[in-house]
Amino acid sequence: MALIGKIRKNSWILVVLVGLGLAGFIVMDMTSGQQSVFGSGQTTLASVEGEKLEWNRFYNTEQVLYRGATGDVYQRRDALYNYFVEEAIVKQEAEKAGLGVSRTELMDLQFGPQPSSIIVQRFGNPQAPGQVNREQLNTIKQIIEENRIQDAIAQGQLSRDFNFYWAHQEKEIIKDRLQNKMNAMVSKAMYMPNWMVEMEYKAQNQQVDFAYVKVPYDELDNTEVTLTESDYQSFVSGREATYRQEEETRRLDYVVFDVFPTGADSAKWRKQIADLTNEFEITRDDSLFVENNFGTIDAAYVKKAALGGAVSDTLFSMPIGKVYGPYFEAGAYKAVKLLDRKVIPDSVEVRHILRSARSPIELVSAQNTIDSLRNLIETGAGRFDSLAVAFSQDPGSGAKGGDLGWSYPNQMVKPFNDVIFFEAEIGKLYTVASQFGVHLIEVTDKKFINNEEAVKVAYLQQKIVPSEETQSQLYDRALEFVGQNRTMDALRSSISNDPALSIETTSAMKKNDYNVATLGGGQSSRDMVRWAFGASAGEVSPEVYSYQDAVDYFTNKYVVVGLNDIQRAGLPPVAAVKEDIEQQVINLKKGEQLEAAMKGKSLAELSTQYAVKVDTASNVSFNAAFVPNIGAEPKVMGALFKMDQDEVSQPIVGTSGVYVVKMIKKPITAAPTNIPVLRPQLSATTKSQASGNRIIQAIKKNADISDNRFRFY
C-alpha cells in the first residue's frame, strides 16, 4: 500500500515518461523509411552531378510500380536505380543543349496519333500488335480532362495509385523524348570526311586471297615453358584497360549442402496420399476436395495417347467414379479419379462473337454486352450472324457473321477449346471468358471420324520433397560445419577430408551485385555480398544462407560462405589474377618460342616440320571480324593488309597459335568516284551507334555519381 501511495504522489513522473516514450515511437515511425541500415541517418540513395535521389522517393516509386510483382526484387531495383540516374543525366544534358518537352508535346506523346513507345508498350492493342488501345487511352484522357480522377478511383476504373503512376510515367516519357532528341543531334552532327569514306570503302571492298600455316600453341607442352613473376606482371601491365577495375571487388568461396528427401520422407508422402483415397472416391464435390487437398482437375478430356504414364490402360478399363493409387510418377505419389469417359469429336464447326477486355472494368462491360446479345438471339429478337457483324471485335470472323470454320483440338485458346469440344451441344449458346475477352459461342456441327474415347480425370499428388525434419537436420549439420571452420584455411582443410563436399569460387563481385555464381539471385545472395564487403579476407561468415526451390518452395540448399580475396580499385596484384591468366601467359611464352623456331622458313617447310597443312582463305576483306577456319585474329589481319603480292610474312603470334601467311592475290582497289553517294551509306553504321542508350552510357561513365545503395539494401 505504501508503494502505491508513493506512485500516486509522483504520478507526474509516469506521465512524463509515458509521453517521452510515445514521442520516441512517433519520431521512430516518422523516420523509419528514411534511415540507412547502419542507422547513420543518411537518406540519400544516390547523387548525380549534385542532384540527390532520396531513399523515400525511390522506395515509394518502387512500391507503386512493382506492387504484387514477382521475380527478383534486386533486379527490379537495379533497373529503377538506373532509370533515376539516367533521368538526372538526361535532364541536365538537355538543359545545357537547350532541349525540352512542352506540355502540348507531352500530351501528344501520350494521346496523339504517334504516341511514345512507352505508351505503345503499356497500352497496346492485343488484337493489333504495335498499335495502342485507343478506347482505353481515350477513356483515361477524358477522365483527366474532366478532372474526374478521384471519382474514377472510387468507382474502380483507375487504381488508387493512378496519380503517382501517371506522373511517373510522364517523367519516363519526357526522359525518353529528350534522349531521342539528344541522339538525333549527335547523329546529325556526325560527318565522315572524304579520306574516311575512301578508307572505309577500301576496307570493305579490297578482298585478298592468302595461304597460311598455323602452328597451335598445344604443339608445345606446358612443361616446356618456364614462367616468372615478371612474366605475369608484364602481362597484366600490358593489358591495363582489360584488368583495371573502377571499383573494389570481392571473390567468395562457398560450400553447398544440398537438401534431398530421405526414405522416411518418401514413405510419409505416400501414406499421406493413401490416407485420402477412400474419401476421394466417395466425395460428391470433386472440385472442392481436390482444391482442399492441393490436387488438380481439368475440364478437358484426354485421349489415351496423350495421357501416357503408368495408368493410361487402367483409366480406360476402370469404372467411372473409381480411384486408382497411390502410384509413383514423375517424382511424385499420385492418386487419380476417373470422372467421365466419352467419345469426343475430331473437329467442330463453330462461330462466335467476341467483346475484348483487358481490365476488370472492361471485363464487366464485355460480359454485360454478351449477355444482352445472347438474350436477343435466344428470344428470337436477333440473328447470330447479323449481331456478329455489328458487335464482334474479332475483325476476321466478325465480317463473316462470326464464322470460324472447322476447328481441331487445341487449335483455340484453352477455355474456348474446352467448351466447344467437351461441353457444347450443337445449336446451343455458351459464354466463356479468355485472354482476349468474352466470347458468345455456338457450335454448328461436329465430325466424328476415329470415334476414340477420352477420359476426364482428377488427381491428388504429393511431390517427394524433403520434410521439415530433413531440412532442419541438414541445417544443423551446416551450422555445425560453420562453427568448426571459422577461417578459409580451416574450411578448405575440412573440404579436402570430406569427398561429399566441394568448394566453389565466384568471379569478382561488386558491392551492389545480387547474383552469386551458380546460386543465382535473391535475398540470400544479396546478404552474402553485403557480408563480404564488411568482412576480412580469409574470414568465414557465421551465418548459414538458405535457398528455396523455385517451384515447391522448400529449402533445397544451405550455403556456407567465406571471403576468398579483396581486390582494390585499380590494377589487381598478380596473385589475385594469376590463376585466371596463367594459360594466356603460357601461350604468350609458347608464342615467343615458336616465333623464334619458325622464323625464315617457308610455308612448305613449316607444314612438314609441324605436321600441319598449308591452307588458304579467299575473298577476305580488311574489316572482316571473323575468317573461316581461322577465327578472330586481328594481328594476322593487320599484318596481312600491309603485305605485297607474293610476300611471305614473318611469324605472327596470334590468339590461338602462331601464323605465317603468304599473299596470293591482292587486287588494287581504285578510289571511289561517287563519294557523295557513298558517304551516307558508309556512315550509316557509325550514326546508328548514336541511337539507343550508348550516348547516355558514355556520359554516365564520366559523370560524378555517388552511389549509396549499399547502405539501404
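**Exercise 1. A covered strand**

Task: In strand 5, how many of the ten residues are buried, and where does D209 fit in?

Solution. Start with the strand as a whole: strand 5 is mostly covered, with seven of its ten residues buried. Keep in mind as you work that this is a predicted model.

Next, place the residue. Strand 5 covers residues 207-216, and D209 is found in it. The relative accessible area of D209 is 14%. Buried means under 20%, so D209, at 14%, counts as buried.

Finally, look at what surrounds the residue. Setting aside neighbours within four places in sequence, D209 is in contact with A617, S618 and N619, and also with K662, M663, I664 and K665.

**Exercise 2. The sheet around strand 5**

Task: In what order do the four strands of the open sheet that holds strand 5 come, and which of them stand at the edges?

Solution. Step one is the order: the four strands run 19-5-21-20, with antiparallel pairing. Step two is the edges. Strand 19 (615-621) and strand 20 (652-653) each have a single partner strand, so one side of each is left without a neighbour in the sheet.

Step three is to follow strand 5 to its partners. With strand 21 (residues 657-665), strand 5 pairs in the antiparallel sense over eight bridges. Two partnerships help you find the register: D209 has K665 as its bridge partner in strand 21, and Y212 stands opposite V661 in that strand. With strand 19, strand 5 is joined by five bridges, again antiparallel. Here F210 is the residue to look for, standing opposite A617.

As a cross-check, return to the contacts of D209: A617 of the F210 pair and K665, its own bridge partner, are both among them.

**Exercise 3. Helices on the sheet**

Task: Which strands does helix 25 lie across, and which does helix 26 touch?

Solution. Take helix 25 (residues 574-598) to begin with. This helix lies across strand 5, strand 20 and strand 21, and runs at about 45 degrees to strand 21. Then turn to helix 26 (residues 603-610), which packs on the sheet and touches strand 5 and strand 21. The direction of helix 26 makes about 30 degrees with that of strand 5.

**Exercise 4. One side of a helix**

Task: Which residues of helix 11 are buried, and why do they lie on the same side?

Solution. List the residues: in helix 11 (residues 229-237), D231, Y232, F235 and V236 are buried. They cover an arc of only 130 degrees around the axis, which puts them on the same side of helix 11. The general pattern helps here: an α-helix has 3.6 residues a turn, so residues three or four places apart point the same way.

Now ask what lies over them. The cover on the buried residues of helix 11 includes helix 12 (240-243) and helix 25. You met helix 25 in the previous exercise, where it lies across strand 5.

**Exercise 5. Two further sets of strands**

Task: How are strands 2, 1 and 22 arranged, and how many residues separate strand 13 from strand 14 in their hairpin?

Solution. Begin with the open sheet of three strands, whose order is 2-1-22 with antiparallel pairing. Strand 2 (51-54) and strand 22 (705-707) are the edge strands, each pairing on one side only. From one strand to the next, the twist averages 20 degrees. Four bridges join strand 1 (residues 44-48) to strand 2, and A46 stands opposite L53. Helix 4 (residues 73-97) packs on this sheet, touching strand 1, strand 2 and strand 22. Helix 3 (residues 55-65) lies across strand 1 and strand 2, at about 50 degrees to strand 2.

Move on to the hairpin: two residues lie between strand 13 and strand 14. These strands, residues 429-434 for strand 13, pair in the antiparallel sense over six bridges, and V432 has H439 as its bridge partner. Strand 14 (residues 437-447) also pairs with strand 11 (residues 347-356), antiparallel over ten bridges. In that pairing, V350 has V443 as its partner.

**Exercise 6. The whole chain**

Task: What is the radius of gyration of the chain, set beside that of a compact globule of 713 residues?

Solution. The chain has 36 Å, whereas a compact globule of 713 residues would have a value near 27 Å. For the extent, the C-alpha trace spans about 95 × 95 × 70 Å along its principal axes. Of the residues, 40% count as buried.

Terms used
Residues are numbered from 1 along each chain as its sequence is written. This is a predicted model: local features need pLDDT of at least 70, side-chain atom pairs count only at pLDDT 80 or more; totals for chains, interfaces and linings use all residues. Side-chain values use heavy atoms; hydrogens and water are left out. Buried means under 20% relative accessible area, exposed over 50%, partly exposed in between (1.4 Å probe, protein chains only). Contact means heavy atoms within 4.5 Å. Two strands pair if DSSP finds at least two bridges between them. Axes are lines fitted to C-alpha atoms, for helices over the stretch in contact, and angles run from 0 to 180 degrees between N-to-C directions. The radius of gyration is taken over C-alpha atoms; the globule rule is 2.2 Å times the number of residues to the power 0.38. The arc is that of the directions from the helix axis to the C-beta atoms.
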